[in-house]
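Visitor: Could you choose one part of this model and take me through it closely? I would like to see how its side chains meet, and then how other places in the chain compare with it.

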Amino acid sequence: MKAIFIRMFNLVRSSQKEWSCIAEDSPSVDLVGRNFFFPFLLVMAIALALTCIIELTVADFESFSQFLGFVAVRFLVVLSSLFAGVYGAALIMHGFLKIRFFRVEERAFYKCFSLFVYSSSIMWITFMLSMMIQSLFFLKVAVFLFEFYIVWCGLTVYYPTMKDNVKGVLMFVDVVLMFISPMLMVKIMEFLMN
């Protein structure tokens, strides 16, 4: 768990250097999932539990079982949305690369997945913190702007020979997908649950 927060801190502190370390440490989708993504989902589950405890009280419900049912549904919606949102966004980005550049290298999906997982982790933690502490709402705007820089640094490591204008388009598409895909998945999950 500690390694997850160290990696996120290093991404904020020195993005370019940390992306190089990420490319060396986790050279496959399996390793990114095992070493960062799935443990990070556990961290998000703990943060979500704390948010439920802070926001809701058992007195708001008729029974404790109703409260637990609400929390379980919220867990299912948020965690499955994050999971499906990341994989969905990586698949969309990979498809975009195929359409735009036709001949995409073999490791393109890994690079897309890695970009989404690591860069969006900072956004998720910030959103969870702002849910727990309402006065930190301004962090969402700061993180949104900072995500462009983090993604840009990741693109320069993964695609060093790509032209800057193409990287700019990819950066924009990546950040937009990073914000839209989990929210879209939440809406779909909420619709399916009702």
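**The contacts around R7**

Guide: Let's start with D25, which forms a salt bridge with R7, the closest N and O atoms being 2.9 Å apart. (A salt bridge here is a side-chain nitrogen of Lys or Arg within 4 Å of a carboxyl oxygen of Asp or Glu.) This contact links distant parts of the chain, since D25 sits in helix α2 and R7 in helix α1, 18 residues apart. (Helices are DSSP runs of H or I with at least four residues, numbered from the N terminus.)

Please keep in mind that this is a predicted model: local features need pLDDT of at least 70, side-chain atom pairs count only at pLDDT 80 or more, and totals for chains, interfaces and linings use all residues. Residues are numbered from 1 along each chain as its sequence is written, and side-chain values use heavy atoms, with hydrogens and water left out.

Now stay with R7 and look for its other partner. E18 also forms a salt bridge with R7, and here the closest N and O atoms are 2.6 Å apart. E18 lies in helix α2, which covers residues 15-25, while R7 lies in helix α1, residues 2-13, so this pair ties together parts that are eleven residues apart in sequence. R7 thus takes part in a bridge to E18 and in a bridge to D25, and both of these acidic residues belong to helix α2.

How covered are these three side chains? E18 is buried, and so is R7. (Buried means under 20% relative accessible area, exposed over 50%, and partly exposed in between, with a 1.4 Å probe and protein chains only.) For R7 the value is 14%, which is why it counts as buried. D25, by contrast, has a relative accessibility of 44% and therefore counts as partly exposed. In the network, then, R7 and E18 are buried, while D25 is partly exposed.

The model has three salt bridges in total, and one of them is in another helix. There, the side chains of K167 and D164 meet at 3.9 Å, N to O. K167 and D164 are three residues apart in helix α7, so about one helical turn separates them. K167 is buried, because its relative accessible area is 4%. Back at our starting point, salt bridges that share partners join R7, E18 and D25 into one network.

From that network we can follow helix α2 out to helix α5 by way of a tryptophan. S114, whose place is in helix α5, and W19 are 95 residues apart in sequence, yet their C-alpha atoms are 9.7 Å apart in space. S114 is buried, as its relative accessible area is 0%.

Another pair worth finding on screen begins in helix α4, where A90 is found. A90 has a relative accessible area of 0%, so it too is buried. Its C-alpha atom is separated by 6.7 Å from that of F116, with the two positions 26 residues apart along the chain.

For contrast, turn to helix α3, the place of I53. I53 is exposed, because its relative accessible area is 58%. The C-alpha atoms of I53 and V71 are 9.3 Å apart, and these residues are 18 apart along the chain.

Finally, try a pair with a wide C-alpha separation. Y158 lies in helix α6, residues 138-158, and is buried, because its relative accessible area is 5%. Y158 and L192 are 34 residues apart in sequence and 37 Å apart in space, C-alpha to C-alpha. Helix α7 itself takes in residues 164-193, M183 among them.

To put the close look back together: R7 in helix α1 is paired with E18 in helix α2 and with D25 in that helix, and the three form one network through shared partners. The salt bridge of K167 and D164, on the other hand, stays within helix α7.

Technical notes
Helix = DSSP H or I, 4+ residues; strand = E, 2+ residues; numbered from the N terminus.
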